[in-house]
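Hi everyone, and thanks for coming along. Please have a look at the model on the screen, and then I'll walk you through it step by step.

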Amino acid sequence: MNIKCLDDLVTRAKKSAKRPNIAVVEAHDLRTLEAITKAAKTGIITPKLIGNEAQIISLLAELGASAADFMIIPTSSVEESLDVTVKMISSGDADVLMKGKLESANYLRAIVKKENKILDKDSKLSVTGLFSLPNYHKLLAVSDPALNTCPDLDNKKAIVKNAVTMLRTLGYKKPKVAILTSIEKLNPKMPDTIDADALMRMNQSGEIADCVIEGPISLDLALSVDAAEIKGYESPVAGDADLLIVPDITSGNLLVKCMTSLARAQTAGCILGAKVPAILVSRSAEASDRYYSIALAACLASGQLHPFI
């Protein structure tokens, strides 16, 4: 059964036999702790707060929470916090990783560093977000709007596989995948359409399995049955896409910011491809977006389909 709305993530996480341990790096951040305390109260995760102990205790008090209810691991620097977190993942003491008050570059560097053994040799990191939109009939996944800047065909293949595995973990039997370009026809002068066509052929040959891929396809055709009928475009993906694959980080960033800023979409998202789900949200993200991201990561951590490769 597919996830119908973001609250379904919370419901599913509650029903899991396992309550994942989430390691929050540099946890002294108000919005992060607001989401963490809510998730802990809901009973979907067990938090381990790593960072400045005094600030964490002060912020918890500000949120009306007691520090005695949380495991706090005091550290004196970002480097120490990351070192503690890496060891927790290696030992199995952490099932989910979450960024608090530190630069994204430092956070990602710790994940990809070979010595830390968080990233498997052949896996590639990507970000997939889930979006609840008022004018779309179901949740919509988008990848990769935040990590891979200008992916080549091999990287796009990995992005698709990561996202499809995530959706299948959430109950989608055969996600409908739209490889977005500005047009719906192969044009040798437009590399994005060439990649889209290649990914569709990989799907048809079974190289990319467990999904239905359409590409190249424009955004309006992926999301609107009416647009597809007007243009005479026939595809099971048209007007019913579960997953949008963007051609590059610029288009992806613009797309998701339009959805959140103009359409007021609620979101959840994770970094996929590592040994544990990793949460990376925008500094401007609402506490609710962080909360749903925690719920998503909890579902994935309990799904036993890692790593995402």
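**A walk through the model**

Let's begin with one residue: Glu26 is buried, with a relative accessible area of 6%. To count as buried, a residue has to be under 20%, so that value of 6% puts Glu26 in the buried group. You can find Glu26 in the loop between strand S1 (21-25) and helix H2 (30-42). Its backbone is worth a look too: Glu26 is not a glycine, and yet its phi is positive, at about 55 degrees.

Before going on, please keep in mind that this is a predicted model.

Glu26 has a partner for comparison. Asp210 is another non-glycine residue with a positive phi, here about 65 degrees. Asp210 sits in the loop between helix H7 (191-205) and S8. Is Asp210 buried or partly exposed? With a relative accessible area of 39%, Asp210 is partly exposed.

Now let's step back to the whole protein. How many helices and strands does the protein have? There are 11 helices and 11 strands. The radius of gyration is 19 Å, close to the 19 Å that the globule rule gives for 309 residues, so the protein is as compact as a globular protein of that length. Along the principal axes, the C-alpha atoms fill a box of roughly 60 × 40 × 35 Å. Of the 309 residues, 52% count as buried. And if we take the contacts with a separation of 6 or more, 71% of them are between residues 24 or more positions apart.

Next, the strands. Strand S10 (residues 266-272) is mostly covered, with six of its seven residues buried. S10 pairs with strand S5 (residues 126-132) in the antiparallel sense, over seven bridges. In that pairing, Gly129 stands opposite Gly269 in S10.

Gly129 turns up again when we look at Leu140, which touches Gly129 along with others, including Leu130, Phe131 and Met259. Leu140 lies in strand S6 (residues 140-143). How accessible is Leu140? Its relative accessible area is 0%, so Leu140 is buried. For a feel of distances, take Leu140 and Asn155: they are 15 residues apart along the chain, and their C-alpha atoms are separated by 21 Å.

Compare that with Ser218 and Glu184. They are 34 residues apart in sequence, but their C-alpha atoms are 5.5 Å apart in space. Ser218 belongs to the loop between strand S8 (212-217) and helix H8 (219-223). Its relative accessibility is 5%, so Ser218 counts as buried. Among the residues that Ser218 touches are Leu180, Thr181, Glu184 and Lys231.

Strand S8 itself is mostly covered, with five of its six residues buried. S8 pairs with strand S7 (residues 176-180) in the parallel sense, over four bridges. Here Ala178 stands opposite Glu214 in S8. S8 also holds Pro216, and a cis peptide bond joins Gly215 and Pro216, with omega at about 0 degrees.

Where else is there a cis peptide bond? One joins Ser143 and Asp144, with omega at about -5 degrees. Asp144 lies in the loop between S6 and helix H6 (153-169).

Finally, let's look at the empty spaces. The largest pocket holds about 1,000 Å³ of space. It is lined by 38 residues, and the closest to its centre are Val281, Ser282, Arg283, Ser284 and Ala285. Two or more lining residues come from each of H5, S5, helix H10 (249-261), S10 and helix H11 (287-301). So S5 and S10, the antiparallel pair we met earlier, show up here as well. By class, the pocket lining has 13 nonpolar, 15 polar and 10 charged residues.

There is also one cavity of 30 Å³ or more, and the largest cavity has a volume of about 30 Å³. Which residues line the largest cavity? They are Leu82, Thr85, Val86, Leu97, Tyr107, Ala110, Ile111 and Ile118. Helix H4 (78-91) and helix H5 (104-112) each supply at least two of the lining residues. By class, this lining is seven nonpolar, one polar and no charged.

That's the end of the walk, and thanks for listening!

Terms used:
Residues are numbered from 1 along each chain as its sequence is written. This is a predicted model: local features need pLDDT of at least 70, side-chain atom pairs count only at pLDDT 80 or more; totals for chains, interfaces and linings use all residues. Side-chain values use heavy atoms; hydrogens and water are left out. On a 1 Å grid over the protein atoms alone, a cavity is a set of points where a 1.4 Å probe fits but cannot get out, and a pocket is an open set with protein on both sides within 12 Å along at least five of seven lines; lining residues have an atom within 4 Å of a point. Grid points are joined across faces, edges and corners, and a volume is the space filled by probe spheres set on the points. Ala, Val, Leu, Ile, Met, Phe, Trp, Tyr, Cys and Pro count as nonpolar, Asp, Glu, Lys and Arg as charged, and the others, Gly among them, as polar. Buried means under 20% relative accessible area, exposed over 50%, partly exposed in between (1.4 Å probe, protein chains only). Two strands pair if DSSP finds at least two bridges between them. The radius of gyration is taken over C-alpha atoms; the globule rule is 2.2 Å times the number of residues to the power 0.38. Contact means heavy atoms within 4.5 Å. Lists of a residue's contacts leave out its neighbours within four places in sequence.
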